[in-house]
Amino acid sequence: MHAYTRGTNVTLFLMGDDEAVLRSAYETLSVGGTIQMPLEKQMWGDVYSAFTDRFGIEWQVNISAAEG
């Protein structure tokens with residue numbers, strides 16, 4: 001059994017295609033935190049990041065690739 005670590009019982013996920021809004025959220029929320037995966041283009045075509053904020057809350061951000 002894993003020990004309880006505050007904030008790791010949930011991961012918040014931001015997803016959409018508004019790159020400016022999602023990049024701003026990422027830049028604001030990740031300050032002082034730990035980045036597990038930097039916000040960058042991934043093999044599936046989207047821009048993605050995973051990080052833990054300064055309060056210990058886990059986040060994921062996914063910016064959907066433009067279709068077309």
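1. Two strands count as paired if DSSP finds at least two bridges between them. With that in mind, look at β3 and β4 in this predicted model: they run antiparallel and are joined by 6 bridges. Within this pairing, Phe51 has Trp59 of β4 as its bridge partner. The hairpin they make has 5 residues between the strands, and Gly56 there takes a positive phi near 90 degrees.

2. Now step back to the whole sheet. Its 4 strands follow the order β1-β4-β3-β2, and the sheet is open, with mixed pairing. β1 (11-16) and β2 (34-41) are the edge strands, each pairing on one side only. From one strand to the next, the twist averages 10 degrees.

3. On its other side, β3 (residues 47-52) meets β2 in the antiparallel sense, over 5 bridges. Here Ile35 stands opposite Phe51, and Met37 stands opposite Ala50. These two strands also form a hairpin with 5 residues between them, where Gly45 in the turn has a positive phi of about 105 degrees.

4. How many residues of β3 are buried? The count is 6 of 6, so the strand is largely enclosed by the rest of the structure. Val47, Ser49 and Phe51 lie on one side, with Tyr48, Ala50 and Thr52 on the other, and both faces are covered.

5. Take a look at Gln42 too, in the loop between β2 and β3. Gln42 counts as buried because its relative accessible area is 15%, and the cut-off is under 20%. Leaving aside neighbours within four places in sequence, Gln42 is in contact with Met37 and Tyr48.

6. Finally, find helix α1 (residues 19-29). This helix lies across β1, β2, β3 and β4 (58-63), and runs at about 155 degrees to β4.

Technical notes. Residues are numbered from 1 along each chain as its sequence is written. This is a predicted model: local features need pLDDT of at least 70, side-chain atom pairs count only at pLDDT 80 or more; totals for chains, interfaces and linings use all residues. Side-chain values use heavy atoms; hydrogens and water are left out. Axes are lines fitted to C-alpha atoms, for helices over the stretch in contact, and angles run from 0 to 180 degrees between N-to-C directions. Contact means heavy atoms within 4.5 Å. Buried means under 20% relative accessible area, exposed over 50%, partly exposed in between (1.4 Å probe, protein chains only).
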